[in-house]
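This report describes selected features of one protein structure for a reader who has not met it before. The sequence and the structure follow.

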Amino acid sequence: MERKKKKKKKKREWRRGKGQEKEVDENQAGGGETGTGGRGDGTVETGQMRNKSVNRTTHLPLDKMAHHLGEELSCREAQTEGETASMSAIRNKEEGGIQMGMMMMMKDMSKGLITVMDQDDDDDDDDPASIPPPPSISPSLSVSLMDTWPPSISTLSSPSPSLLPPPLSSSFSPVPSLTPPLPPSVELCAVLTDTRLTLDVYQGGAAVLQLLWVSVPGQLRGLQYLRLGSEDRGALEGALDVLPHLTELRSLAIRGHCFHDAHGDPLPGLLTSLPPSLSSLSLLVHLDLSFNHLTSFPPCLLTLPLLSTLLLGHNHLTDLPPSFGPLPALRYLSFLGNRLASLPPSLGQLRTLQTLDVSYNLLETLPEEIGALEELVKLELSHNRLKRLPETMGCLLSLRDLVIHSNDLRVLPICLDKLDKLKVDVRNNPLGRPPTPPPLPPTPDQVETRIPELHLGLNQHRFCVSSAGCHVFLPGGAELLFPSGCLATTTRLQWAERMPDKKWVWLEEHDFLLSRPLELLPHRITFLKPVEVCVPYHRSRRGEVVVRRFDGQQWSTLSTETRRGSIGHSIHPGGRPARLACVSVIQFSWFVAVGRPVRDSCSVTPEGALLVSRTDAGIKLTFPPASTVQTRTITLQVLQVSVSEVQALCGDPQTRVSPLLCLSQDPSMQFLQPIKVQVPLPTGLTGHTVDLSCLHLLHGDPSAHTWTDITSQVSLYVTHLYAIFYITHFSWYWLWYTTQRCVSGVVRRVYQRLKQFQVQFLVLQRRTDPKQVLLQCLPADKVDNRVQSLSEQYDGPQPSDLCDLLEGEQFFAGFERGLDVSADRPDCAEGRLSFVFYSRLRNLKEVYVCPAQNQEGPVRGQVSFYRGEVPSDLPKEVARKRKGHDSQWLATLPLRLPGLNSEGGSNGMDWEKPQYPPLNLGDPESGYLTEANLLAISLQIGQDWRSIGINLGISYQELDRIQFKYRDNLGALVLEMLFHWARGQQQQEGVGSRPAGGPGQQGMGAVPRLVDAMVESGRRDLAEEIKDIVSLGTRKYKESLRRVGLEEEEEERPSTDTNPPPSH
């Protein structure tokens, strides 16, 4: 047996060698060309036929040639309409050696048939000498092959023109020559299979359809799936002439946006109409004409009885036919992104329709006949102009998804409440709001004029606005828009940005501060027309943004719109415009941007109402008739809660929670009828899997901060996706699914933890001056980026461990173990600095520190952070070690202060021997300022130093000298300017003279002079801080007089206080 096998193997090797030699000889003789995929005899070994034990010849007619050719190329053709995967598979097979076999098959087309010979390898009669020579090929056929197949085929062992065989007779059937030819990356067999032709895989592919119809009409007649691009008008017209003959088509797509231009923009489709002869496609089931230029509904589509899916999205349709005719099989209909202003009543004839998409149109109403669509499951109506929905929609019993967001709906029909399985998306609708009155028509005498613009700098806090109006751009991104005619005369106005102290900020539960308070002056002015005030705010990832105003007595929330700032005006040069929260006001006051959960509201009348949450369309409140006697305003807020956070906090991986509902009403009283509340079941649960014994409904009391399990006190039942319960008074409600006991206590602890932010503290020293210390509190997720940005200028210990703080919670920093704060300011007392935490703001302060009394050499101190207000009841012996109660301690960070002769000590200020002489600037009546006060003030002056110096009376020559001397150190420059002025004041007051610093300043002290200079330089914030510092010093001075019994003498003096507290 082994000898016989070796003999057969040698015979096969000899046969291959002889075949190759004969092939070379035939090519030299001009007898034709053969490839490695053939046997050199004009026959082709296809697929697995070489292993057959029979010897037969098969004659294939020409109209079936392409079918076998496609099988030879890809016996596993993917059903993906000729996409990339199919092309890749075919290309891999070509690389395996099938290309030349295909060319041999194509040569036999000249005879109208293909001869496929199967032979057994063991046959001894297959001597190469008995194999007939291959047929010759004409030059025209060779050129046809070059046009049809990729260049990779034409370059394989092609004979030179001089060796081409003589031409054949003209009776053979030509191979289709494609113009333009398919690109190298696309093969004909990849786009053409048995019943599928895909011509939208390269630009201009639609031109191939007409070419193939001329060449192989028999195969095209059996097409069932066809895809065409419509970006080439000439190719599209030729394809439309062929389509009526393809009567076997089941799916047809003629789409635009298949390709993009050089700029990356999609190329639009150029289809404007369909020929009437297209009605011959009676078997058509799927038709896609999206992204074209259709302006009217093609009438020929109404005669397609089997049409099930019709896509006409992103065209230019303005109306629909009055009658849809017999379309008994239509189930999916899309008019997405057209210009439809109305829908015809005949739409109700489509009784089998299951999905209707008319979003992104101009619809204002819907026909009543839409209620006849009994099989409708999904209805897309978003981004229209709908003002109401017909009551007949209650008949759509099969409807499951109703998408109506981004319309002008103010009420929803009660009939929708009957559809228990319906999910509604009502976002961006003015539900519950009164109708907006139409704008007044412009009067003939109104002349449209361009409002002038005014861009203010950092030191420009005053500006003038005339009757012509003005668009004012403030530093930091804020904008003020004064319309023409809002002022009768030119008026001087002011602005200032305040520190976010508690007196300027008011936050409700679940609110968070997004901006620093913006004060606009004067407060008492009233504008003739509303002025638009736009407050810049930090990004809010959840909820909505509103602007609150403080009028000096109470806070109010204003109707707010958000937008981006004007192009070219951004917080950072070259950056994006700021996010703005805009309101319209007629009086100036304090304004602040606040983020909060989305608030939905509606008015409930005795007739009842329906309120659907914009945050989650599955949350609905149903108010039955007679539930109230008088009209009430209902407010709903929904807080989305992270399930993973809840599981981590309560330690139960099985715990699930629904969104937290915050319900309120005005007036506050119980309802006469139970109110139906629907909320989604907790994530991961359905009505079939939920264990009702683990489902708990919690009632929260926001005033007492308690949670009570009321599951047994209410009527609670579940559907497949929702939980439904009935209540008679409003509060907070939270649905929990947990296996733990004492659910009320667990929920109370989890809720308190969810309200808190995890923060870290930074204590950094400036590299050039270690006594200048930066303190900051940030949410933990922002610390790394902040430390990296400060690393070039600051150095210090690593951030603290994680701590928990509430939004708006007060805390303070205490400088301990030999450190003290060199500042006498209202937010600092005995080495303790007060802060208020806001998660979206910087929470940053910079101060100068110094060694405590009797402390010499380097100081290894520390900064500790404590919760609460700065304490005033600590004994001295305790205060030396701790600047706060241990029970309120948050974190401690080390802080090293170099001594006089230590390394780096020369960079800082010599506190044992001050660089600047001690100051006691001022007088008892107007107050005192010390060198520590000036140091604290200098940190906030920045680039306004020159303007302040001029207003203080310093000459231009002296300012230039200071600027040149400290040109590389802005901090030292500002200090030198202030102390130069202060030294001059001390010298003049020492000799009993008082310089006139300007009109109205005769006889005034140095402190009022500094305050006026700050105001005139536009730094009213610094002026008020100086007043607070002086007021604090004056109060201490009077307390000292009272302790020694001199208060009566002090009271008898005439009051000369020129710095009363500011009135707002």
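In this predicted model, an open sheet of mixed pairing is formed by 6 strands in the order 13-15-16-20-24-23. Strands here are DSSP runs of E with at least two residues, helices are runs of H or I with at least four, and both are numbered from the N terminus; two strands pair if DSSP finds at least two bridges between them. Strand 13 (453-455) and strand 23 (561-564) stand at the edges with a single partner strand each, so one side of each has no neighbour in the sheet. From one strand to the next, the twist averages 25°, with axes taken as lines fitted to C-alpha atoms and angles running from 0 to 180 degrees between N-to-C directions.

Within this sheet, strand 20 (residues 526-536) pairs with strand 24 (residues 579-587) in the antiparallel sense over 7 bridges. Val531 stands opposite Val585 in strand 24.

Helix 11 offers a second view. The residues of helix 11 that are buried (under 20% relative accessible area, 1.4 Å probe, protein chains only) are Val743, Gly745, Val746, Val747, Val750 and Tyr751. These buried residues pack, by contact (heavy atoms within 4.5 Å), against the elements below.

| Element | Residues |
|---|---|
| Helix 10 | 643-650 |
| Strand 31 | 660-666 |
| Strand 33 | 695-701 |
| Strand 34 | 706-709 |
| Strand 37 | 732-737 |

The protein as a whole has 20 helices and 50 strands, and 48% of its 1064 residues count as buried.

Residues are numbered from 1 along each chain as its sequence is written. Local features need pLDDT of at least 70, side-chain atom pairs count only at pLDDT 80 or more, and totals for chains, interfaces and linings use all residues, while side-chain values use heavy atoms, leaving out hydrogens and water.

Terms used. Buried means under 20% relative accessible area, exposed over 50%, partly exposed in between (1.4 Å probe, protein chains only).
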